[in-house]
Amino acid sequence: MSKKVLVVEDEEAIARLISYNLKKAGFKVLISGDGLEALEKIRLERPDLIILDIMLPGMDGYDVCRVIRKEDISIPVIMLSARNEEMDKVLGLELGGDDYVTKPFSPRELLARVRALLRRSQNLLETSEHKTFSLDKLVIDFSGHVLKMNDRIVQLTPKEFELLEYLIRHRGIVVSRDLLLDQVWDYNFMGDTRIVDVHISRLREKIESDPKNPYYIQTVRGVGYKFKEHN
Ligand code: CA
């Protein structure tokens, strides 16, 4: 069955270009040019992936992202931002976006990101075995994608979950940002490792009792990150 992608973009030419390329690649496409309308579509249609422009009439992309994550909708989101809006990208990721693409972008690159993100969330569903992992106050059920801290359920986005899963599967080993970008984001082209750092800090906010002084996800200066091993 073909996957459904919602394109939220008020610039018609760009929306059409994205839609054309996605359809050609076999995706079903929904388009919305307005933030509030997009929210309605997300709730009703449950797309498999959302391409979300930041500057929108009605409600901007940040708010759309914030609202859907608050409603625990874990659909992968690719944020679109205009060139040189560095802050925007970081904010977009902090609000729950899984990836971002900067305008102007090549349709091929966007398609690669869409496929990578969908493949990853699919893999996550298919490869999860009935396995749990626990360390101190952290308990993870990999099959149900449930994470609990102190018996309280913590909501993670699919990317956060996948990143954490990768770190845990390689616990005790230092993993570089480049490797994480390659393994978790599936980038074959030059990626920006800040995306890794932003996701790590988001994870820490959710699972560390003192994010500034992390217990589970440790920083290894100049190298990368390491998940704490059992004592
Ligand atoms: Ca726009």
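The exercises below work through a predicted model of one protein chain, each with a stepwise solution.

Residues are numbered from 1 along each chain as its sequence is written. In this predicted model local features need pLDDT of at least 70 and side-chain atom pairs count only at pLDDT 80 or more, while totals for chains, interfaces and linings use all residues; side-chain values use heavy atoms, leaving out hydrogens and water.

**Exercise 1. Overall make-up**

Task: State how many helices and strands the protein chain has, and what share of its residues is buried.

Solution. Step 1: helices (H or I, at least four residues) and strands (E, at least two) are DSSP runs, numbered from the N terminus. The chain has 8 helices and 12 strands. Step 2: buried means under 20% relative accessible area, exposed over 50%, and partly exposed in between, with a 1.4 Å probe and protein chains only. Buried residues account for 48% of the 231 residues.

**Exercise 2. The parallel sheet**

Task: Give the strand order of the open sheet of 5 strands and identify its edges.

Solution. Step 1: two strands pair if DSSP finds at least two bridges between them. The order is β2-β1-β3-β4-β5, with parallel pairing. Step 2: β2 (28-32) and β5 (99-102) each pair on one side only, and are the edge strands. Step 3: from one strand to the next the twist averages 20°; axes are lines fitted to C-alpha atoms, for helices over the stretch in contact, and angles run from 0 to 180 degrees between N-to-C directions. Step 4: β1 and β2 are joined by 5 bridges in the parallel sense, and V8 stands opposite S32 in β2.

**Exercise 3. The calcium site**

Task: Name the protein donors of the calcium ion and locate them in the chain.

Solution. Step 1: donors are N, O and S atoms within 2.8 Å of the metal (3.2 Å for Na, K and Ca); water is not among the atoms, so sites may look incomplete. D10 (OD), D53 (OD) and M55 (O) are the protein donors, 2.1 to 2.3 Å from the ion. Step 2: their spacing along the chain is D-x42-D-x1-M. D10 is in the loop between β1 (4-8) and α1 (12-24), and M55, 45 residues apart from D10, is in the loop between β3 (49-53) and α3 (61-70). Step 3: D10 is partly exposed because its relative accessibility is 34%, whereas M55, at 56%, is exposed.

**Exercise 4. K103**

Task: Which side chains does the side chain of K103 contact through polar atoms?

Solution. Step 1: K103 lies in the loop between β5 and α5 (107-127). Its relative accessibility is 13%, so K103 counts as buried. Step 2: a polar contact is a pair of N or O atoms within 3.5 Å; within protein, one must be able to donate a hydrogen and the other to accept it, and residues adjacent in sequence count only if both atoms are side-chain atoms. The K103 side chain makes such contacts with the side chains of E11 (3.2 Å) and D53 (3.1 Å). Step 3: D53 is also one of the calcium donors.

**Exercise 5. A hairpin**

Task: Describe the side chains of β6 and the pairing of β6 with β7.

Solution. Step 1: along β6 (residues 132-135), F133 and L135 point to one face and are buried, while T132 and S134 point to the other and are not. Step 2: β6 and β7 (residues 138-141) run antiparallel, joined by 4 bridges, with F133 opposite I140 in β7. Step 3: the hairpin has 2 residues between the strands, and D136 takes a positive phi near 55°.
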